[in-house]
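Reader: I should be grateful for a close look at one part of this structure, namely the contact between its chains. Please add whatever context helps me to place that contact.

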Protein chains: 2
Amino acid sequence: MRRLSAVTLFVAGAVATVLAAAPAASSWLDSYRAPAARLIGAALADRHAWQRLAELTDTFGNRLAGSRALAEMLAWAQAEMRKDGLERVRAEKVMVPHWVRGAEHAEIVEPGPSELAMLGLGNSIGTPPEGIQAEAVVVGSFDELEALGRAHVAGRIVVYNVPYTGYGETVRYRSSGASRAAALGAVGMLLRSVGQPGLRTPHTGALNYSDDAPRIPAAAIAFEDAERLQRIQDRGTRLVVRLTMGARMLPDAESANVVAEIVGREHPEEVVVLGGHSDSWDVGTGATDDGGGIVASWEAVRLMKALGLTPRRTIRVVLFVNEENGLRGGLAYRDQHAAELANHLLMIETDGGVFRPKGFGFTGSDAARAILKEIGTLLQGIDAVAIGAGGGGADIGPSVTAGRVPSMSLDVDGALYFTIHHTAADTIERIEPGDIARCVAALAVMSYVVADMPQRLPR
Amino acid sequence: MRRLSAVTLFVAGAVATVLAAAPAASSWLDSYRAPAARLIGAALADRHAWQRLAELTDTFGNRLAGSRALAEMLAWAQAEMRKDGLERVRAEKVMVPHWVRGAEHAEIVEPGPSELAMLGLGNSIGTPPEGIQAEAVVVGSFDELEALGRAHVAGRIVVYNVPYTGYGETVRYRSSGASRAAALGAVGMLLRSVGQPGLRTPHTGALNYSDDAPRIPAAAIAFEDAERLQRIQDRGTRLVVRLTMGARMLPDAESANVVAEIVGREHPEEVVVLGGHSDSWDVGTGATDDGGGIVASWEAVRLMKALGLTPRRTIRVVLFVNEENGLRGGLAYRDQHAAELANHLLMIETDGGVFRPKGFGFTGSDAARAILKEIGTLLQGIDAVAIGAGGGGADIGPSVTAGRVPSMSLDVDGALYFTIHHTAADTIERIEPGDIARCVAALAVMSYVVADMPQRLPR
């Protein structure tokens with residue numbers, strides 16, 4: 001109550017709006033005010049979540065599927081989860097693709113030589129050891145590429161200089177740009193990074209080769225480098241680029257989804273899943289994508305355990321593996337838990353960063369949404385009451401689809417996300433301790449109440 | 001006049017202050033209102049300065065002393081200056097140090113392996129090909145280093161994790177940190193980058209080895225990496241780092257200060273010098289440090305020539321070489337022009353970026369300052385009237401000291417400078433066309449009036 005009063009004083013207008021919009025108080029919800037306050041208080045009382053994320057990212061660094069760092073981190077996580085008193089801690093085996101970057105380099109040869117700030121795209125093939133050298137042709141869209149046609153593309157390195165407008169709009173150049181260029185005879189592809197402008201900061205990420213075009217090596221370059229190539233071309237100057245990549249795909253490696261639970265006291269067979277992905281790209285330390293998601297999910301469950309809050313139904317935290325370049329973890333979870341999905345009441349994914357939380361996105365029935373909005377009112381004190389449209393995530397997606405499971409995603413302030421996404425700058429310095437603590441609080445309250453409330457969350 | 005009226009409408013308060021502070025209108029100054037307006041108008045009428053800087057940085061990239069890129073850029077600049085109609089265009093020979101970075105890499109070995117974002121420090125020695133591997137010890141100051149003493153430093157790699165407070169305060173760790181650590185037996189040095197926090201952005205720069213300590217390899221790391229090493233040490237975890245650097249110093253190379261002039265119509269022997277430095281660090285494209293300085297200085301003189309404004313005295317633009325790691329250009333200019341320095345009326349250096357100009361810093365007599373303040377009022381329309389304390393620069397410093405020459409530096413908005421200083425992010429994207437145009441206008445008006453006014457600028 002005191003917490004609410006303090007907030008009322010500070011943001012009286014906003015809170016008044018929230019209260020006006022909230023349903024009439026439910027007696028069932030009243031009984032969750034005290035545990036919600038305990039969970040919020042415990043999350044905000046210290047910096048445990050931030051410190052755990054710092055320890056994870058400092059100790060293991062980045063964690064691409066198949067890497068030793070990922071394997072070591074997953075072993076550490078299981079040991080720590082056991083120390084936390086979590087139950088049924090286990091690794092559920094998943095075979096994952098094992099792409100390695102190798103040494104890589106790109107430069108302007110003419111006019112030059114001058115180095116380009118680059119990162120090879122995940123799943124790309126490599127080049128011969130001496131690299132590939134070719135005239136470059138800069139295009140601003142697929143339409144421009146097609147208009148040029150094979151006569152002006154064959155034998156060249158295609159550079160997509162497409163300004164970032166939004167992830168969905170721009171990422172298709174990363175996904176399919178190599179194959180679209182190769183279909184016209186291009187020998188390599190460079191991509192203006194898919195993300196907001198940084199400080200000469202290339203963004204990696206996966207490409208997908210289509211079956212009807214040759215596979216050509218592909219790399220992202222910083223926006224500054226794409227603009228430089230554009231200006232050189234616009235001056236009518238001959239532009240020659242060299243790309244050298246040691247990238248290669250090794251045989252699939254054994255890895256795992258790491259799972260831990262608090263077993264439900266009345267309906268242990270009914271499950272609420274919280275999770276994120278354990279793997280990251282092989283640059284930076286994967287703090288936002290998605291160390292923060294797995295740590296916040298894990299911390300939410302740890303706090304319940306520490307406070308002795310055992311819900312009626314099972315709470316399960318899942319560290320899905322290989323979200324970045326294969327989604328094998330999400331697919332394996334769906335297959336390994338197929339028989340259980342009908343009893344999955346809710347799956348919550350956190351993979352948009354652990355910045356200041358606003359609430360959740362939700363995909364499911366109106367009846368379920370009404371209940372979740374009621375639960376959301378318990379997060380007024382941390383200003384995270386929103387239950388928006390569209391909740392889900394890549395890792396939970398296969399299970400959600402297969403089992404028609406209601407799904408949520410933690411919704412946070414997204415201002416910084418696509419500045420650091422898939423870059424060397426994805427480190428713990430981007431995350432405020434108070435923000436990840438609020439994320440933990442939101443996840444803990446939402447998942448605890450859904451797992452414990454008298455009624456089963458309707459489909 | 002119309003320009004002044006427009007400004008008065010927009011920033012009436014500020015202009016009123018300026019006018020109140022300005023001396024009573026001088027008849028000698030009135031005759032410069034028309035040429036000043038022409039110079040300002042020509043500078044702001046197009047993007048020529050920005051485009052020239054883009055062409056320079058796009059075509060030649062970075063330009064460390066001794067590099068082929070610098071030699072090619074200096075040849076291009078002379079050819080372009082001749083095309084501009086500048087007079088007595090020439091290269092004045094200077095022998096410069098020739099440091100090359102070579103391949104380099106740093107990583108945390110334990111707990112790890114995990115890559116560090118690094119840049120070797122200029123003039124550093126290299127490591128053996130296999131690198132050096134040692135326990136690291138993180139310190140926050142020289143005092144902490146000394147308190148640890150030889151027992152805890154010998155055989156280790158010292159990491160200076162000193163937060164950036166200001167360049168002058170923090171750069172001494174870059175300059176002398178390696179030798180201070182080596183004096184206690186350290187085998188290598190890593191430095192938290194001297195600059196404002198970026199996006200995993202290391203800042204290079206020169207170190208100076210002292211004669212009384214062994215020379216050890218030294219590199220800058222991003223602030224995020226320094227913080228990571230600090231946290232690992234603070235947890236009591238064993239910390240082992242490997243540093244591999246191919247850096248080496250080659251024999252001195254022949255280079256030059258590039259000089260061009262408009263010869264004075266009455267006192268050709270009296271000279272006003274405008275300049276910056278042609279070399280840059282070997283990362284980024286040296287757009288701010290100091291491509292912008294040389295282009296803005298050059299453009300100021302080009303505009304006078306294009307407008308047919310030949311001053312009474314000679315205007316000379318100098319592209320000084322090797323400011324970054326030797327200052328040989330500034331020293332050579334002093335020596336080669338020793339007999340002329342008594343007739344150097346003013347030297348103006350631009351090496352703080354070509355961001356929005358505020359005016360100039362000035363070092364010289366009160367009598368000279370009073371005149372320069374009058375001239376500054378001609379820059380009211382671009383809000384660059386300030387004549388602050390302390391004007392000078394590294395390149396003009398030797399001549400200013402030897403000849404007791406009055407000296408100025410262009411003073412600009414400095415918010416971004418130490419975010420990109422000596423980094424890969426020092427590219428043309430950081431510079432607004434309208435800002436560099438205003439810098440050109442300020443330099444042109446100030447230097448033209450000093451070179452043309454009836455009275456000789458007093459010492």
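Author: The contact between the chains is described below, followed by its symmetry and some context from within each chain.

This is a predicted model, in which local features need pLDDT of at least 70 and side-chain atom pairs count only at pLDDT 80 or more, whereas totals for chains, interfaces and linings use all residues. Residues are numbered from 1 along each chain as its sequence is written, while chains are lettered from A and ligands numbered from 1 in the order in which they are written.

On the side of chain B, 23 residues are in contact with 23 residues of chain A; contact requires that the C-beta atoms of two residues, placed from the backbone, lie within 7 Å. Helix 5 (48-60) and helix 9 (223-234) of chain B each supply at least two residues of this side. Helices (H or I, at least four residues) and strands (E, at least two) are DSSP runs numbered from the N terminus. The largest share, 5 residues, comes from helix 9 of chain B. By type, the side of chain B that touches chain A comprises 8 nonpolar, 8 polar and 7 charged residues. Here Ala, Val, Leu, Ile, Met, Phe, Trp, Tyr, Cys and Pro count as nonpolar, Asp, Glu, Lys and Arg as charged, and the others, Gly among them, as polar.

A turn of 180° with a shift of 0.0 Å along the axis lays chain B on chain A with an RMSD of 0.0 Å, the superposition being by least squares on the C-alpha atoms of residues with pLDDT of at least 70 in both copies. The two copies are therefore related as by a two-fold rotation axis. In chain B, Leu199(B) has the C-alpha nearest the axis, 3.2 Å from it. Both copies use the same surface, since 100% of the contact residues of chain B recur in chain A.

Chain A also has a contact within itself. An automatic or database domain assignment divides chain A into domain 1 (2-96 + 252-452) and domain 2 (102-246). The centres of these two domains, taken over C-alpha atoms, are separated by 36 Å. Across their boundary, 10 residues of domain 1 of chain A are in contact with 13 residues of domain 2 of chain A. The domain 1 side of that boundary divides into 4 nonpolar, 5 polar and 1 charged.
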